Amino acid sequence: MKAKKNPAAPGTGKRVLTLLMPYRLLILSSILLSAGAVALTLYLPVLVGRAIDCIVGVDRVDFDEIKRLLLWIAACAGLTAVMQWLVSIIHNRVTFQVVRDVRNRAFRHLQQLPLSYLDRHSVGELVSQIITDVDQLSDGLLLGFTQLFTGIVTILGTLGFMISIKPLIAGLVIVLTPLSFVVAKYIASHTHSYFVAQSRTRGEQTAYVDELLGGLKVVKAFGREARAVEDFDAINDRLETTSLKAVFFSSLTNPCTRFVNSVVYAAVVLAGALLCVSTAGTAAVFTVGSLSALLAYANQYTKPFNEISGVMTEFQNALACAGRVFQLMDEAVEPPDAPDAKVLSDVEGKITLDDVSFSYDKSKKLIENLSFTAQPGQRIAIVGPTGCGKTTLINLLMRFYDVDGGAIRVDGTELREMTRASLRANYGMVLQETWLRSGTIRDNLILGRPDATDAEIEAACRAAHAHSFIRLLPQGYDTVITEDGGMLSQGQKQLLCIARIMLCLPPMLILDEATSSIDTRTELKIQSAFAAMMRGRTSFIVAHRLSTIREADVILVMKAGKVIEIGNHDALLARGGFYAELYNSQFSESF
Amino acid sequence: MQKLFSYLRSYRKECVLGPLLKLAEATLELFIPMIVASVIDRGVGGGDKGHIIRMSLVLVALGLLGLGFSVTAQYFSARAAVGFVTKLRHALFAHIQRFPYATLDRVGIPTLITRMSSDMNQVQTGLNLTLRLLLRSPFVVFGAMIMAFTIDATAALWFVAAIPVLAVVVFGVMLLTMPMYKRVQERLDRVLGTTRENLNGVRVLRAFRKEQDECGRFEHQNMELTAAQQRVGKVSALMNPATYVIVNLAVIGLIRTGAIRVQAGILTQGAVVALYNYMSQILVELIKLANLIINITKSLACGKRIQSVLDIQDEEQVQSGLPGGDPSVRVEFDDTAIAYGGSAGEALSGVSLRALPGQVTGVIGGTGSGKTTLVNLIPRFYEATRGRVLVDGVDVRAWEPAALRAKIGLVPQKATLFRGSIRENLLWGCRDGTLPSASSAEDRPIQDKDLMEAVEAAQAADVVAAKGGLEGEIEQFGRNLSGGQRQRLTIARALVRKPEILILDDSASALDLATDAALRRAIRALPYKPTVFLVSQRTAAVRHADQIIVLDEGRVVGLGTHDRLLETCPVYREIHESQFRKEAAV
C-alpha cells in the first residue's frame, strides 16, 4: 500500500508553505491578530486582579480606580473579540481557498495523467486522495497551525505574566505541569494497542456485513439467516470487548490530567496564600488580586499542553496526507502533443500497424511484432481467448497507451505526430463496460455532439432501438439517471452507448463487445443500423459471438499477443486452424 | 426513537450511575471557588496559615475524589454505550435478515451497510459523550449560578442575566449553522461523485475529448462547495467572540456590584474572587457544551436512520386459510401477475403454468422480459400481486418460508460465494451439515461423497481440484475464482441439498458451450429427479425441456415444446433464428 512509503517525504512541509504563499499577507495578519488576541486574553485576569485589589473591605474600596479598570476590561474584551473574529474569518478564507486550489489542481492533473497510471490505481484510492486527503490537509495543517501557534503564545504569555507576578510560584507551576503531559502520554501509549485491536475487529465486522448483506438474497435463498446472525454475533461480541477497553481507557486521559491540574491549582493556592500572609504589610506585598490572577493562569496554563499534544498527531497525519496529494500531483502527465502535431481531418481510414510491440509490465512481453493494415472502410474483427490482447489493441489504437516499439499510422501519419484530440475525435467507441454519467438521458446522448437537435437525437435512438424504452421512462429523454444507469438494464445501457455513437458518427469505429448484453433478438434488429453505420467506416469489432464476426472483411485471430491467423471467415474455416476450432465449438453442441 | 432506547434498558444502572457520578464530580468542582474564597478571607485576611494548608489539602483531596468519581463514571458510560450499540447492531442485523427481496430492492444494500457500520459508530460516540457530559455542562452552568446565589443574591443577578443571553447565542449559532453544514456535506458529496464518475468513465471521456469540460464542471462544483463552507464559517466564527464578550460584560457587572456590596460591608473580597471564578467556569463549560450538542445532533440523525430501518415491518407472514390446489403438481402458477413497488405497470402478468415432479421447464425471453421475476416467485422472494403460486398444491404464502426454501435449490444469475473453504460454501444450504429431508427423522450427515457428487454434476470437479480440494479457501465474494468457476460452484452448492425444485437462473452464461451442454446432461441424469426451472436467453439451452415458457416484456407469448413453439410462437422463432440463422444458410 501507499502508506508504507512514508509519504511525508522531506520537503513536504516546504511545499505546503508554497501553497500558502499567495496568502502570505493574510496569514501574517492572522498570526499578528491571534498573538494580539492571546495577549489581551491573558492580560484580562491582570486587570480583574487589580480591580479586586481595589475592593479590600468596607471603606477600603477605590471606586474611581475600579471604574477606570472596568472601562479597560470592557475595551480589552471588545478588542479581543474583534481580533478573534477576524482571525476566524481569515483562517476560513485561507483554509477553504487553499483546499479549493489544491483540489482544482489535482483534478486538472488527473485529466492529464496517462491511463497507465489510472489503470494501476483503484478509483477509491484516487478519490480519497482528492477528497479526504485534501480535507485532512486543511484541517490538520491550517487548523493545527493556528492552534499550535496560539497554544505556544498562550503558554509563553502565561509564563511571562506569571513570572512578572511572582517568579517563585511560576517556577512551581513550570515544575508541576509536565506531570499532566507524562500522564497523558502514558495513557495514550497504553490505549494504542486497544485501539488497534478495536479497529481490526471493526474492520472484520465491516467485511462480514459487506459480504453477508451484499449476498443477502443468497443467504435467504439458502435459509441461512439464523446462522448468519450467529456468526455475526461472534464478531459482535468480540468487538464489544475490544471496544469497551479502547473507549474506557482512552477516556481516562481527561480525568487524569484534570487531577494533575487540580494538584497544580492547590499548590498555587497554598504557595500564593502563604506568600500573601508572609508579605502582608511589607513593601513587596503579594496581593489577593495577584493571587486571583495567578489562579486564573494556573487553570489556563495546562490546557494548551493537552491541545498541543493532540495537534502534533494531527499535524503528522496532515503531512502524510499532503505527501499523498503531492505524490499524485507529481505523477508524470501524458507527454504533450508535439508542437508541430497535425490535426487529423478528412480521414479515409487506412490504419497501419507496423511491427508494433507493447506490454503493460515491461518484464512480461505481451504484443510483439504486430503488423497489419486495415484498408479504408474495412470491417476488422478481432477474435481470441481472454487475455489475448484484444483490449490492449484498442488501447493502442485510441492512443490511451503509446506503443513501446514500431508505429501505428492513420492515413500515413504516425499517431505520435498528430494531436490526441483529433485522433480520438475520429474514432467512435462503444465498450463492453458501459459508462453513463449522472444526468439526463439526453446529456448522455449528446456527449460527442453537444449541438445535436432533438430530431437528430431521436433518429439516432430509433436506429439503435433505444427510442422505444426511453419513451417509456418517466420523463423520456429528460429522465435523470444516476451514474451507472440505475434503473436501466445492462442491455438498455449498451443501447444508449450505441445511440451515442450513432449520433456523432466518426469515420472510424471501435466496438468492443458492444452488444454483449443485448439479447439476440434485439441485436438482430439493430444489425441493419449497425451495418449502415459501419458502411464506409473502418471498424474494429471485438466480439465473442462468432455469428457477429463472420461478416467481417478481415478476421484477426489473436492468441497471447500475437496474430496467429488472418483472413476472412471462409478462408479461415477452410484452413482448419484455431478459428475453425472456435467456430465449430459453438455449433457442435447437442443436449 | 423509542424502539432504539428500548435496547438501552439492560444498561439502566449504568445510564443512571454514570451521569450521577459525573454530577458528583462537577459538584466537587463547584466547591473549589468557595474554598479559595475561604483561603483568602480566613487564611490571608486572618493570617491563619494552618487554615491555608488545610484548605490546600482539601483541594487535593477533592481532586482525588473527583478522579475516582469520574473514572467510575467513564467506565459506566463506556459500558452502556458500547453494550447498547452491540445489542443494537445485533438487532438491526437480525432484522435485516428478515427482509423480503422487495424491501431489499427498495432500501438498497449500500444504505443498509452504512447503517450497520458508520451510523452505529456515531451513535456509540454520541451516547458515550451524552452520558458523560450532557448533564454535567448545564449542571455546572446552573450550579455556578446557584452557588453565586448562596454568596450573594444581588450579585448573582448578573448570572441570571448572562446565562439566557449566552444560551441564545450558543443555540442561535447552532440552529443557524446546522442546515448550512448539511448543505456543505451535500456539496462535498457532489464533488466526490464527480471525481468518481470522472475516473470510472475516463476512457469514454477522453475518447470524447471532454477533459476541459470536466475540469470546468469540477471547478464549478468545487467553487460552490467553498462558498458554502465560507458562509457557514462566517456564522460559526461569531460564537466564541460573542460568548467572550458576554461573559466579560457580566464580570464587569459583578465587580461593580461586588465593590458596592463590599463597601456596604455585605460582601468580602474573597467572595468577589469566588463570584469571578464561577463566571469563568461558565465560559469553559459553554464551549464544551457547544461541541457536545453538535455531536449529539449528528448522533441523533444517525440514530433516526437506524430507527427507520428497524421500523420497516416487511416480514413475510405465513397466511392461513388460503385455498389449495392439486398436491401432485410440484409448482403451479395460477394466472399470476406481479408489479414491483413504485412502478405502474406489471413486470409480469398472466402466467399460468404447471410443472410436474421431475419435469424440466425452460424459461426464455429477451433482456427485461421477466424471466428472473417468474422464478423468484416460487421461493416467495417476491409476492404475486395478482393470482397465486402453489408448491405441492399449497399456496406459497401458506408455507413456512424456511420449509418452502429448503425444498428449493436456487442458482442465481449473479454467482455469489462467501469467504471460507469450498466445503463451507457447499454446505451453505445445510444447517449443521445434515441433509434436510421431508421427514426430519431421515436427516443424515452429509459426507464428502455427497459433496463430490454435486460438484461433479455441476462440472466443477476441476475447480475444486485447482483450489486444492474441498478445504480450498475462497476469498470474499469469490474473488479468487473466474466467473465460470464461480458459476459452477454456485450450481454445486444448490445441488448439495438434493432439492426437489432446482432453479437455474441464466446461471451458465459464463460457461463455454460444451461445458454448458455437459451440465445440462448431468442435471437430467440426477437420480433424485428434481423439478427444474431453466432460465436462459438461448434456445439451444431449453430446446430439450419438457415445456418452454416464452416471455416478452412481461407477457407470456408462448408455452409448449421446442418444436411446437417454432411453429406457433413468432417470438420464439425469432429468438431461435437470431441464434441459428447462419446454420440454416451454411
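The chat below goes through a predicted model with chains A and B.

Colleague: What should I know before reading the numbers?

Modeller: The model is predicted, so local features need pLDDT of at least 70 and side-chain atom pairs count only at pLDDT 80 or more, while totals for chains, interfaces and linings use all residues. Residues are numbered from 1 along each chain as its sequence is written, and chains are lettered from A and ligands numbered from 1 in the order in which they are written.

Colleague: How many helices and strands are in chain A?

Modeller: Chain A has 21 helices and 12 strands. These are DSSP runs numbered from the N terminus, with H or I over at least four residues for helices and E over at least two for strands.

Colleague: And chain B, how many there?

Modeller: Chain B has 21 helices and 14 strands. Its radius of gyration is 36 Å, well over the 25 Å from the globule rule for 586 residues, so chain B is more spread out than a compact globule. That radius is taken over C-alpha atoms, and the rule is 2.2 Å times the number of residues to the power 0.38.

Colleague: What is the radius of gyration of chain A?

Modeller: Chain A has 36 Å, where a compact globule of 591 residues would be near 25 Å. Its C-alpha atoms fill a box of roughly 120 × 65 × 55 Å along the principal axes. For chain B the C-alpha trace spans about 115 × 65 × 50 Å.

Colleague: What share of each chain is buried?

Modeller: In chain A, 43% of the 591 residues are buried; in chain B, 47% of the 586 residues are. Buried means 20 or more other C-beta atoms within 10 Å of the residue's own, exposed means 12 or fewer, and partly exposed is in between, with C-beta atoms placed from the backbone.

Colleague: Changing topic: how many residues does each chain put into the contact?

Modeller: Chain B gives 121 residues and chain A gives 118. Two residues are in contact if their C-beta atoms, placed from the backbone, lie within 7 Å.

Colleague: Which helix of chain B gives the most to that side?

Modeller: Helix 3 (residues 49–97) of chain B, with 25 residues. The side of chain B that touches chain A has 60 nonpolar, 38 polar and 23 charged residues. Ala, Val, Leu, Ile, Met, Phe, Trp, Tyr, Cys and Pro count as nonpolar, Asp, Glu, Lys and Arg as charged, and the others, Gly among them, as polar.

Colleague: Which residues have the most contacts inside the largest nonpolar core?

Modeller: A:Val268, A:Val269, A:Leu294, B:Val272 and B:Leu275, in a core of 123 residues. Helix 11 (residues 288–330) of chain A supplies its largest share, 17 residues. A nonpolar core is a set of buried Ala, Val, Leu, Ile, Met, Phe, Trp, Tyr and Cys residues joined through C-beta atoms within 7 Å.

Colleague: What is A:Leu294 in contact with?

Modeller: Leaving aside neighbours within four places in sequence, its contacts are A:Met162, A:Ile165, A:Lys166, A:Ile169, A:Val268 and A:Gly272. A second, separate core of 116 residues includes B:Phe93, B:Ile378, B:Ala415 and B:Leu426.

Colleague: And A:Leu32, buried or exposed?

Modeller: A:Leu32 counts as exposed because 12 other C-beta atoms lie within 10 Å. A:Leu32 sits in helix 2 (residues 24–53) of chain A. Its C-alpha atom is 9.5 Å from that of A:Met83, 51 residues apart along the chain.
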